[in-house]
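Here are a few notes to help you find your way around this structure. Have it open beside you as you read.

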Amino acid sequence: MQEQKTSKVTVVKGKSADCQVAVIGAGPYGLSVGAHLKAKGIVARVFGEPMEFWANKMPEGMLLRSPRVASSLSDPDRAFTLEAYEAASRREPCAPVPLDTFVEYGRWFRHQLGSDLDPRTVLRVEPDAPGFKLTLQDGEEIRSTNVVIAAGIGPFKKKPAVFQNLSPQQAIHCYESRDVRRFAGKRVAVIGAGQSALESAALLHEANAQVEVIARESHVRWIGQHSWLHHMGPISTMLYSSHDVGPVGISRLVAYPNIVSHIPLKLRDRIRTRAVRAAGSRWLPERLAAVKITTGRSVSHAKAVGDEVILKLDDGSERRVDHVLLGTGYQVDISRYDFLPLELTRDIEQFDGYPKLSSGFRTSVPGLHFVGATAARSFGPLLYFVAGTEFASRELVHHLPSARR
Ligand SMILES: Cc1cc2nc3c(=O)[nH]c(=O)nc-3n(C[C@H](O)[C@H](O)[C@H](O)COP(=O)(O)OP(=O)(O)OC[C@H]3O[C@@H](n4cnc5c(N)ncnc54)[C@H](O)[C@@H]3O)c2cc1C
C-alpha cells in the first residue's frame with residue numbers, strides 16, 4: 001500500500017513538472033525571462049539558486065560598474081525595478097550600486113515568480129521529441145517543449161596558458177575570489193586592466209595585501225574620462241543611451257540589438273569588442289593611488305617554487321608573489337556548459353563557441369534558446385550586461401510559438 005502511494009505521488013509529481021519553457025539559471029536573465037513568461041501565462045520553470053553567481057563568485061565589497069538606470073531586472077510592467085525594491089525595503093538609493101544591494105534586489109525580484117522558481121541545478125539537457133528532457137540534481141526528470149539557457153559566464157573563465165602549471169590556490173580567477181580578506185599580508189600580482197582586475201586590486205589593497213597590477217596594455221583606461229560629454233542635456237542623450245555600454249555613438253547603436261544583429265559579423269565583432277574594451281570605473285583611480293601598476297608588460301613565464309610563485313615578465317624582470325589573481329576575462333564556449341551533452345552542442349550552429357541566434361534568441365535546434373553573454377555575438381554587447389534583460393525577455397517571449405497562440 002505504502003509503495004503504491006509512493007509511486008502514485010511520483011507519477012503525479014512527474015506530470016506536474018512538465019512545462020512549456022524550462023529556463024536554466026536564475027541570474028538577472030533567467031529571472032527576467034521567467035517574469036515575462038509568467039505574465040503571459042506560459043507554463044514555465046526557472047531552475048537554479050537565485051543570483052547564485054553574484055552572491056558567491058563576485059568579490060565582497062564590489063560596486064556595480066553599470067549605472068543605476070541600467071541595473072534593473074526586467075518585468076513586463078516595470079514594477080520590480082531597483083528603485084521599487086529600494087522603496088519597498090526602505091533603503092536609501094545609492095550610486096554606484098553595492099553588490100549586496102544588487103543580490104538582495106534579485107532575491108526580492110524572484111518572489112514574483114512564485115512556484116515557477118525551482119532552486120535545483122539542472123544536470124543534463126537532452127533532446128526528447130517534441131522537446132527536451134532535463135535531469136535535475138536529485139535525479140528527477142522533467143520534460144519541456146522549449147529550453148532557455150540563461151546560465152551565465154561561470155564556466156568560461158580564461159586562464160592563460162602561462163599560468164596553467166600553477167595550482168588553483170596560487171592562480172585564482174577574479175570570479176572565484178569572493179573573500180579578499182584571506183589575502184591580508186600576502187603578495188598578490190593582479191593580471192589585467194579591466195574592471196574586474198582593477199576593482200579586485202583596490203579591494204585587495206584595502207584588505208592589506210601587497211598588490212601589483214600587471215597589464216599588457218600600454219596604459220590603464222578609465223571610464224568617464226570625457227565626463228563632460230555626459231552632461232550636455234539633449235546632446236548627451238543623442239550620443240549615449242542610458243545603458244551606457246560603449247563609447248560615444250556606439251553606445252546609441254548597441255541599445256538596438258535587433259539592428260546590431262543585421263550588421264555583418266566582422267563589423268559587429270568590432271563594435272562588440274570596442275564597446276567592452278578593458279577599462280576601470282571612475283571611482284577606482286583614487287583607491288588605486290598607492291598600488292603599483294605596471295603597464296605594457298606581460299608575464300612570459302610562471303612557476304611555483306614551494307609556496308611562492310615566480311613570475312618572469314617580458315622585460316626580463318621578476319616578481320615573487322604568494323598568489324596570482326587573474327583578471328583575464330572569459331571566453332564564451334557553450335561546449336563548456338557541463339549540462340549540455342556533446343551530441344546536442346554539435347547540432348547548435350556556432351561562431352567559435354557562441355551560438356548563432358536568430359530572432360527570438362533561437363538556435364538551429366528547434367526549441368533551444370540562449371540569452372545573456374552567449375547571445376552577444378548575435379545581438380551585440382548589450383547582452384553582456386543586466387541592461388540587456390529587457391530586450392532579451394520581450395524578444396524571446398514574443399517569438400515563442402506558445403506565446404503567439
Ligand atoms: C566581476 C564582474 C562584474 C560585473 N559587473 C557588472 C555590472 O556592474 N553591471 C552589469 O550589467 N553586468 C556586470 N557584469 C556582467 C554580469 O555577469 C552580467 O550582467 C549578468 O550576470 C548576466 O546575468 P546572467 O543571468 O546571464 O548570468 P548570471 O548572473 O551568471 O546567472 C546565471 C545563473 O545560472 C546559474 N546556473 C548555471 N548553470 C546552471 C544549471 N545547470 N542549473 C541551474 N542553474 C545554473 C548560475 O548559478 C547563475 O546564478 C559583471 C561581471 C563580472 C564577472
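**Notes on the ligand site and an aromatic cluster**

1. Of the 27 residues around the ligand, those that come nearest are Glu52, Arg65, Ser66, Val122 and Val386; a residue counts as near if one of its heavy atoms lies within 4 Å. This is a predicted model, where local features need pLDDT of at least 70, side-chain atom pairs count only at pLDDT 80 or more, and totals for chains, interfaces and linings use all residues. Residues are numbered from 1 along each chain as its sequence is written, and side-chain values use heavy atoms, leaving out hydrogens and water.

2. Look next at the ligand's oxygen atoms. A polar side-chain atom of Glu52 lies 2.7 Å from one of them, and a polar backbone atom of Arg65 is 2.7 Å from an oxygen atom of the ligand. The protein covers 89% of the 970 Å² of accessible area that the ligand has on its own (Shrake-Rupley method, 1.4 Å probe).

3. Now to the rings. A search of the whole structure finds 16 aromatic pairs (Phe, Tyr or six-membered Trp rings with centres within 6.5 Å; planes under 30 degrees apart are stacked, over 60 edge-to-face, the rest tilted). Tyr85 and Tyr105 form a tilted pair, 5.9 Å centre to centre with 45 degrees between the planes. Tyr85 lies in helix H4 (residues 82–88) and Tyr105 in helix H5 (residues 99–109), so the pair ties together parts 20 residues apart in sequence (helices are DSSP runs of H or I, at least four residues, numbered from the N terminus).

4. Tyr105 also pairs edge-to-face with Phe109, at 6.3 Å and 75 degrees. Both Tyr105 and Phe109 are buried (under 20% relative accessible area, 1.4 Å probe, protein chains only).

Notes. Helices (H or I, at least four residues) and strands (E, at least two) are DSSP runs, numbered from the N terminus. Buried means under 20% relative accessible area, exposed over 50%, partly exposed in between (1.4 Å probe, protein chains only). A polar contact is a pair of N or O atoms within 3.5 Å; within protein, one must be able to donate a hydrogen and the other to accept it, and residues adjacent in sequence count only if both atoms are side-chain atoms.
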